[in-house]
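Reader: I'd like to learn how to read helix packing and ring pairs in a model like this one. Can we go through it together?

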Amino acid sequence: MNPEKAKKYSVAALIMIAVVSVVSIIFAIVVFSQVMALVQQSGNSTLTDAQIQELTLSLMAPIVIFSILLVIVGIVHLIYYILALVEASKHEENKTPFILLIVGFLIGIAGLIGLIMLIIEANMLIKNPPVQEDPYSVDFR
């Protein structure tokens, strides 16, 4: 395992998760504020068909922008996640991050924990690189 690459890929995947979270929160705030503005403007607790159509048209641009951003960031996240998974598979001593990253395809929190564990593992390998023995050396004891 190349610890520098593993760390870089894991950090990039975590950043993509953070970007998706921030974009989702902004999207929810925009949608909620537009719905509340329309409800306050109408003064009724129920919306008419014309108001629902107006709301749909006003939300169309944020929905399209959100969808495009989500697809782009999702693809970039998947690429970095797979690259981190490949680097984790090359680590012989500790296979836990690799297993968590595989499970993370189905259960997101396991993948998040796997990425964090891979960063920790890479940091430990960067600080204390393993000692490699020379295969051609002869011990005459």
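Author: Below we take the helix pairs, then the aromatic pairs, then two single residues. Keep in mind that this is a predicted model.

Reader: What describes two packed helices?

Author: In general, you describe a packed pair by the angle between the helix axes and the distance between those axes. Here, take helix H3 (residues 96–103) and helix H4 (residues 108–127): their axes come within 7 Å and cross at roughly 155°. An angle over 145 degrees counts as roughly antiparallel, so H3 is roughly antiparallel to H4. The crossing of H3 with H4 is left-handed.

Reader: Which residues in H3 and H4 meet?

Author: On the H3 side you'll find Thr-96, Pro-97, Leu-100, Leu-101 and Val-103. Their partners in H4 are Ala-110, Gly-111, Ile-113, Gly-114, Leu-115, Met-117 and Leu-118. Sort the residues of this contact by character and you get 9 nonpolar, 3 polar and no charged.

Reader: And at what angle do H2 and H3 pack?

Author: H2 and H3 pack at about 145°, and their axes are 8 Å apart. The crossing of H2 and H3 is left-handed too. From H2 come Tyr-81, Ala-84, Leu-85, Ala-88 and Ser-89, which meet Phe-98, Leu-100, Leu-101 and Ile-102 in H3. The contact of H2 with H3 divides into 8 nonpolar residues, 1 polar and no charged.

Reader: Let's move to rings. How many aromatic pairs does the structure hold?

Author: There are 3 aromatic pairs. To read one, look at the distance between ring centres and the angle between ring planes; under 30 degrees counts as stacked, over 60 as edge-to-face, and the rest as tilted. Tyr-9 and Tyr-80 have ring centres 6.2 Å apart and planes at 40°, so this pair is tilted.

Reader: Where do Tyr-9 and Tyr-80 lie?

Author: Tyr-9 is in helix H1 (residues 3–42) and Tyr-80 in helix H2 (residues 49–89), so the pair ties together parts 71 residues apart in sequence. Tyr-9 is buried, at 12% relative accessible area, while Tyr-80 is partly exposed at 29%.

Reader: What about Phe-27 and Phe-66: stacked or edge-to-face?

Author: Stacked: the centres of Phe-27 and Phe-66 are 4.3 Å apart, with 15° between the planes. This pair also links distant parts of the chain, with Phe-27 in helix H1 and Phe-66 in helix H2, 39 residues apart. As for accessibility, Phe-27 has 22% and counts as partly exposed, whereas Phe-66 has 16% and counts as buried. The cut-off for buried is under 20%, so these two rings fall on either side of it.

Reader: Now a single residue. Is Leu-118 buried or exposed?

Author: Leu-118, in helix H4, is buried at 1% relative accessibility. Setting aside neighbours within four places in sequence, Leu-118 is in contact with Met-1, Ala-6, Ser-10, Ala-84, Ala-88, Pro-97 and Leu-101. His-77 is 41 residues from Leu-118 along the chain, and their C-alpha atoms are separated by 16 Å.

Reader: Ser-10 is on that list. What does Ser-10 touch?

Author: Ser-10 sits in helix H1 and is buried, with a relative accessible area of 0%. Not counting residues up to four places away in sequence, Ser-10 touches Ala-84, Leu-115, Leu-118 and Ile-119. Ala-84 is worth a second look: this residue of H2 also takes part in the contact with H3, and Leu-118 touches it as well.

Terms used:
Residues numbered from 1 in each chain as written. Predicted model: local features only at pLDDT ≥ 70, side-chain atom pairs only at ≥ 80, totals over all residues. Heavy atoms only, no water. Axes fitted to C-alpha atoms, helices over the stretch in contact; angles between N-to-C directions. Helix = DSSP H or I, 4+ residues; strand = E, 2+ residues; numbered from the N terminus. Parallel < 35°, antiparallel > 145°, perpendicular 65-115°, else oblique. Left-handed = near helix turned anticlockwise from the far one by under 90°. Contact = heavy atoms within 4.5 Å. Nonpolar A, V, L, I, M, F, W, Y, C, P; charged D, E, K, R; others polar. Phe/Tyr/Trp six-rings, centres within 6.5 Å; stacked < 30°, edge-to-face > 60°. Buried < 20%, exposed > 50% of the residue type's maximum accessible area, 1.4 Å probe, protein only.
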